[in-house]
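Trainee: I have a model open and would like to learn how its labels are justified. Could we go through a few together?

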Amino acid sequence: MDRQMAINAIRKKLKESRFDHSIRVYETAMKLNEIYRVDEEKLALASILHDYAKNLSIPETEQILKRAGCYEKELSYNSEVWHSYAGSELVKTDLGITDSEILQAISYHTTGNISMTLLDKLVFIADYIEPARDFPGVEKVRELVLVDIDKALLKALCLTINFLLQSNIPIAIDTIEIYNKLVKK
Ligand SMILES: [Fe+2]
Ligand SMILES: [Fe+2]
């Protein structure tokens, strides 16, 4: 699977607005990689495909996770985050992607995880700051990521956790764990 094939795959799978978002995340990830230098092909595929399952219905998404049989914890999370894990499963079965680093970056792109790699963090942050994102605090994350990706991630997690608290939405334990790890640094 190369980048063009991945782009063709999401063109078929996603609504136009979600497709455009995915391309912006990809372009943002490529820019960040001029600083961070992870495996470019893996970052390209993970960022292009990160929302592969985003336009499925909640019951379809739930079905994919139940069928996979190893997402008991994730199924207890808010259904908003399920598309990450379902996306990881679907790019495996639909597109034959087996690279565990790409699959993990897709899995962790919404909740984060205590064992995030640099690749995972780049996909997470690219998704968070792509140019169409416009919410209070995003500019700070854009500034921080040019200097220190962990500081940028911590800021993004703070903003997300604050939003979830104020909206009465449950917070995934994975999000709390990566927040705790970074805040102690
Ligand atoms: Fe997503
Ligand atoms: Fe996204």
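Mentor: Happily; we will take a metal site and then one arginine, bearing in mind that this is a predicted model.

Trainee: What makes His21, His50, Asp51 and Asp127 the protein donors of the iron ion (ligand 2)?

Mentor: Donors are N, O or S atoms within 2.8 Å of the metal. Here NE2 of His21 and His50 and OD of Asp51 and Asp127 lie 2.2 to 2.3 Å from the iron ion (ligand 2), so these atoms qualify.

Trainee: Why is the arrangement around the iron ion (ligand 2) called irregular?

Mentor: The four donor atoms subtend angles of 81 to 174°. A tetrahedral label needs all angles between 85 and 135 degrees, so that label fails at both ends of the range. The arrangement is therefore irregular. Aspartate 51 also bridges to the iron ion (ligand 1), with the two ions 3.5 Å apart.

Trainee: Why does the pair of histidine 21 and aspartate 127 tie together parts that are apart in sequence?

Mentor: Histidine 21 sits in helix H2 (residues 16-36) and aspartate 127 in helix H8 (residues 118-129), so the parts they join are 106 residues apart in sequence. Both residues are buried.

Trainee: Now arginine 142, in helix H9 (residues 138-145). Why does arginine 142 count as buried?

Mentor: Buried means under 20% relative accessible area, and arginine 142 has 18%, so the label applies.

Trainee: How do you know that the side chains of arginine 142 and glutamate 139 make a polar contact?

Mentor: The cut-off for N or O pairs is 3.5 Å, and this pair is at 3.0 Å. The arginine 142 side chain also reaches the backbone oxygen of arginine 133 at 2.8 Å.

Methods. Residues are numbered from 1 along each chain as its sequence is written. Chains are lettered from A and ligands numbered from 1 in the order in which they are written. This is a predicted model: local features need pLDDT of at least 70, side-chain atom pairs count only at pLDDT 80 or more; totals for chains, interfaces and linings use all residues. Side-chain values use heavy atoms; hydrogens and water are left out. Donors are N, O and S atoms within 2.8 Å of the metal (3.2 Å for Na, K and Ca); water is not among the atoms, so sites may look incomplete. Four donors count as tetrahedral if all angles lie between 85 and 135 degrees; four count as square planar and six as octahedral if opposite donors are over 155 degrees apart and all others between 65 and 115; anything else is irregular. Helices (H or I, at least four residues) and strands (E, at least two) are DSSP runs, numbered from the N terminus. Buried means under 20% relative accessible area, exposed over 50%, partly exposed in between (1.4 Å probe, protein chains only). A polar contact is a pair of N or O atoms within 3.5 Å; within protein, one must be able to donate a hydrogen and the other to accept it, and residues adjacent in sequence count only if both atoms are side-chain atoms.
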